[in-house]
Amino acid sequence: EGEPATIAVFVQHAARAGRPGVADVVRVGCAAVVEEVVRGQGQLLGLRVRGLARVELLGLVVEGACLIGQVKVLDAPVPL
């Protein structure tokens, strides 16, 4: 399995057809680690994630079915 996946989540300003670009999303989002992938009948139903830090979206590129973003960490939790 390896290390858990880390993703960044951003909110889109308004729904529209097609893939969103940088101008279509709120620029500050959340980096999160994927803790569980929920599947049912061969379909992806959802993800359970744990937030790590606020991030700023710097850029987006299309890679197949995915949007790959470049982000900058704005704050991160202090290690205990």
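Here are a few friendly notes on the sheet and the largest pocket of this predicted model.

1. Let's start with the sheet. Four strands make up an open sheet, and their order is S1-S2-S3-S4, with antiparallel pairing. At the edges sit S1 and S4, each of which pairs on one side only. From one strand to the next, the twist averages 55 degrees.

2. As background, strands of a sheet pair through backbone hydrogen bonds, and the pairing can be parallel or antiparallel. For S3 and S4 the sense is antiparallel, and the pairing runs over nine bridges. If you would like one spot to look at on screen, try Arg54, whose bridge partner in S4 is Asp75.

3. Now to the largest pocket, which holds about 450 Å³ of space. Its lining consists of 15 residues. Those nearest the centre of the pocket are Ala8, Val9, Phe10, Leu60 and Leu67.

4. Which strands each supply at least two residues of the lining of the largest pocket? They are S1 (6–9), S3 (43–63) and S4 (66–75). S4 gives the most, with five residues. To tie this back to the first point, S4 is also one of the edge strands of the sheet, as is S1.

5. A last word on the chemistry of that lining: 13 of its residues are nonpolar and two are polar. How many are charged? There are no charged residues in the lining of the largest pocket.

Methods:
Residues are numbered from 1 along each chain as its sequence is written. This is a predicted model: local features need pLDDT of at least 70, side-chain atom pairs count only at pLDDT 80 or more; totals for chains, interfaces and linings use all residues. Side-chain values use heavy atoms; hydrogens and water are left out. On a 1 Å grid over the protein atoms alone, a cavity is a set of points where a 1.4 Å probe fits but cannot get out, and a pocket is an open set with protein on both sides within 12 Å along at least five of seven lines; lining residues have an atom within 4 Å of a point. Grid points are joined across faces, edges and corners, and a volume is the space filled by probe spheres set on the points. Ala, Val, Leu, Ile, Met, Phe, Trp, Tyr, Cys and Pro count as nonpolar, Asp, Glu, Lys and Arg as charged, and the others, Gly among them, as polar. Two strands pair if DSSP finds at least two bridges between them. Axes are lines fitted to C-alpha atoms, for helices over the stretch in contact, and angles run from 0 to 180 degrees between N-to-C directions.
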